[in-house]
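Please look over the structure below. A short briefing on its backbone, strands, cores and contacts follows.

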Amino acid sequence: MQTAATFDPGLIARYDVNGPRYTSYPAAPQFHAGFGEPQLRAAAHASNEDPIPRPLSVYVHVPFCLSPCFYCGCTRIITRDTGRSPIYLQRLHREIELIAPLFDRDRPVVQLHFGGGTPNFLDRAQMAELLETLAQHFSFSRDPKREFGIELDPRFCDADYVRALAPLGFNRVSVGIQDFDPEVQAAVNRIQSVAQTRAVLDAARESGFRSTSVDLIYGLPKQTLAGFARTLDEVIALEPDRVAAYAYAHLPQRFKAQRQIHAADLPDAATRLRLLGLTVEKLTTAGYRYIGMDHFARADDELARAQDASTLQRNFQGYSTHGGCDLIGLGMSAISHIGASYSQNAHDLPRYYAALDAGRLPVARGLALSEDDGIRADAIGLLMCQGRLDIAAFEARHNVDFQLYFDAELRRLRKLARDDLVEIAPESLQVTARGRYLLRHIAMCFDAYLAREAAPAVRYSRAL
Amino acid sequence: MTHLHQPGKLPPHNPIADDGDAVHFCSTCAFGSVCLPAGLNKSALNDLHMLVEHVGPFHTGDHIFRNGERFGALYAVRAGMVKTRQIDDEGHEQVLGFHLPGEMIGLDAIHPAKYPCDAVALDTVFVCRFSFPALSTLAAKIPDVQQRLFDLLSADIGKSSRFSGDHTADERLAAFLLDLAGRYAARGFAPNSYRLVMPRADIANYLRLAAETVSRVLRRFQDQDLIQVVGRELELVDKPALQKLARHILRD
């Protein structure tokens, strides 16, 4: 069991730099167009040939949103025209038909996640049909431990909609809140009441969903400590099993919607740090455990138990209990992680549609991990998920001399050790309680691409 | 970092019998042990026009020889794994065997002087090529070499019938895993853990099982703590239990 992380603004201010969030290593900016359909097919084929092939995790991207939230950095399309869904779904069904046969039928889908955009942009009938197509082309696990999750926007779905999802197999729901403070909601163009949110969470729990999760964002315009404290109290009263508190990444040159946000309304660095401190303090006092990065979970939640059992892993949804799966991303811009490869679908609808209409998989770019990439990905994954790296086991697994292989990395890490973020012992690396807040910085020590890049600032958000 | 040599990266675990040179035999050489007592090192063999030629690398999917090609040489695997297989008239593949470093292939081609199967590299493979006419000449002169050749031929005949009996999937897989372990151990490699280089489709084909059955049984073996599988790395955890399962197949 880990101890509660201690919060130290002085230390955190010193580490206010930009870096990847390590939902993958190598990070997405390293993906390239040289990785296309033939490479993806080869990766899928090879993934069937292990003695015990990995189970599958499927991600479905629904890119449409009815209304633009100004903070959003996701790949989405704002439209009120629900007539766009059938056109998108037609291609999505096509993609499922093309990619599913690449995976042997004895590989169960143990994890399914719908994200967006707004998955509930689809109506109940469309959702049912999509699930049916998925079940027909993939082998859904019948294990009760399977995790079928969906992100819901409570402003655009009612209790009936949520109740209709349970018979389709969904058992986890994730609900965006960000902040309940009316001033903040106005500034980010997302007006959402506590009652709306509660209705969705209650309906999910009533209809047998196993786990509920909510998303918050700190660092939003007009955000104050007093306002966010009230939000946190209201969130705790909603009793979600998990809470994600993301740092707002203001990158208006990259995300057009963010240009609606006045930089002058953003809280300063000191306030951001206090907002994070407040979040940690309130949530841990209320019985949540700080898992790492932006994630909190009740001590009896699967995420916390996975961390204790060392089966926690990092993926594109943040942290996940299902380690050791091949991830198949479906839909516009979705990312797949199959064997030692990453790949991403076309980033816009015209290209996504064109590929499928021509009978091709819509993969646009990707990357085959080198042996070195795999070794570093393992080190980063262990430190971010377990907070510990056992050197002997690592050396045996990768056939390396750790001290020699990571000579430069350990030199970088020693600076962090002096700030008490990590303990470097001959037999292990151990992230300290303070270090849990700076996991990105610890991971960055092992990032070979970052070390070569002159100015990571352009590509990545602030690491705090 | 792929273009750089990374310090701290240790030599691969993958077995390779690459310790031979112009004068010395590889430690796994099938003929080294019988030639040396007869006073023949490799340079002496070359004087006899007995060509021991190192060939490779072959990459995954490359053929070392093809079905129907004229037989002229035996091959010994030096590194990597070789699959032998036949393809029937309907295009169905039948996997005949997997060959590890130190093992001979091509023994079944002596009569009728044609290779009766394909030999395909399953990973990066290096082989030794023994010219058969030269080897025959040598066998006529050195009785131990002749005896060794007969031994190899005899062992090869026995092997091919091993999985043709009426055995359960559990028995077949237990025997298969133990057989590989024994063969690695006999050549001085780690006896209880090795890499299953061959795709599961090939294992299934060889054992005449469905691919799903191979995985289902292996998963159960793992749940029963008989083996541990991580990716393609395999560890035999409870050998006695596996031996009990395999006793009808591995009688000897």
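**Backbone exceptions in chain A**

Gly117(A) sits in the loop that links β4 (108–116) and α4 (124–137) of chain A. The peptide bond leading into Gly117(A) from Gly116(A) is cis, with omega near 20°. The model is a predicted one. The points below take the unusual backbone sites in turn, then move to strands, cores, domains and the contact between chains.

- A second cis peptide bond joins Tyr25(A) and Pro26(A), and its omega is about 0°.
- Pro26(A) belongs to the loop between α1 (9–14) and α2 (37–47) of chain A.
- Tyr22(A) is also found in the loop between α1 and α2 of chain A.
- Tyr22(A) is not a glycine, yet its phi is positive, at about 55°.
- Is Tyr22(A) buried or exposed? Tyr22(A) is buried: 22 other C-beta atoms lie within 10 Å, and the cut-off for buried is 20 or more.
- Asn399(A) is another residue other than glycine with a positive phi, here near 60°.
- Asn399(A) lies in the loop between α13 (391–398) and α14 (402–405) of chain A.
- Asn399(A) has 16 other C-beta atoms within 10 Å and is partly exposed. That count falls between the limits of 12 or fewer for exposed and 20 or more for buried.
- As background, most residues other than glycine have a negative phi, and most peptide bonds are trans.

**Strands around β9 of chain A**

- Strand β8 (residues 211–218) of chain A runs parallel to strand β9 (residues 242–247) of chain A, and six bridges connect the pair.
- One residue pair in this ladder is Ser213(A) with Arg242(A), the latter in β9(A).
- Helix α8 (residues 225–238) of chain A comes between β8(A) and β9(A) in a β-α-β unit, and the unit is right-handed.
- β9(A) also pairs with strand β11 (residues 295–298) of chain A, this time antiparallel, over three bridges.
- There, Val243(A) faces Phe296(A) of β11(A).
- Which residues does Val243(A) contact, leaving aside neighbours within four places in sequence? They are Val214(A), Leu216(A), Val235(A), Leu283(A), Tyr288(A) and Phe296(A).

**Nonpolar cores**

- The largest nonpolar core has 124 residues. Val243(A) is one of the six members that touch the most other members, along with Val58(A), Leu216(A), Leu383(A), Ile442(A) and Ala443(A).
- Helix α12 (residues 371–385) of chain A is the top contributor to this core, with seven residues.
- Both domains of chain A feed this core: domain 1 (1–26 + 370–464) and domain 2 (31–330) each supply at least three residues.
- Another core, of 65 residues, lies apart from it; its members include Val82(B), Cys117(B), Ala174(B) and Leu207(B).
- In soluble globular proteins, nonpolar side chains tend to be buried together.

**Domains of chain A**

- Chain A divides into domain 1 (1–26 + 370–464) and domain 2 (31–330).
- The C-alpha centres of these two domains of chain A are 25 Å apart.

**Chain B: make-up and sheet**

- Chain B contains eight helices and 11 strands.
- Chain B has 252 residues, and 36% of them count as buried.
- Among contacts in chain B with a separation of 6 or more, 71% join residues 24 or more positions apart.
- Four strands of chain B form an open sheet in the order β1-β8-β3-β6, with antiparallel pairing.
- Why do β1 (52–58) and β6 (104–105) of chain B each have one side without a neighbour in the sheet? Both stand at the edges with a single partner strand, so one side of each is left free of a neighbour there.
- For β6(B), strand β3 (residues 73–79) of chain B pairs with it in the antiparallel sense over two bridges.
- In that pairing, Tyr75(B) is opposite Ile105(B) of β6(B).

**Chain B: domain contact**

- Chain B is assigned domain 1 (32–160) and domain 2 (163–246).
- Their contact involves 11 residues of domain 1 of chain B and eight residues of domain 2 of chain B.
- On the domain 1 side, strand β5 (residues 93–99) of chain B gives the most, with four residues.
- That domain 1 side comprises six nonpolar, two polar and three charged residues.

**Contact between the chains**

- Chain A puts 15 residues in contact with 23 residues of chain B.
- The chain A side comprises seven nonpolar, two polar and six charged residues.

Methods
Residues are numbered from 1 along each chain as its sequence is written. Chains are lettered from A and ligands numbered from 1 in the order in which they are written. This is a predicted model: local features need pLDDT of at least 70, side-chain atom pairs count only at pLDDT 80 or more; totals for chains, interfaces and linings use all residues. Domain bounds come from an automatic or database domain assignment. Two residues are in contact if their C-beta atoms, placed from the backbone, lie within 7 Å. Ala, Val, Leu, Ile, Met, Phe, Trp, Tyr, Cys and Pro count as nonpolar, Asp, Glu, Lys and Arg as charged, and the others, Gly among them, as polar. Two strands pair if DSSP finds at least two bridges between them. A crossover is right-handed if, with the strands pointing away from the viewer, the path from the first strand over the helix to the second runs clockwise. A nonpolar core is a set of buried Ala, Val, Leu, Ile, Met, Phe, Trp, Tyr and Cys residues joined through C-beta atoms within 7 Å.
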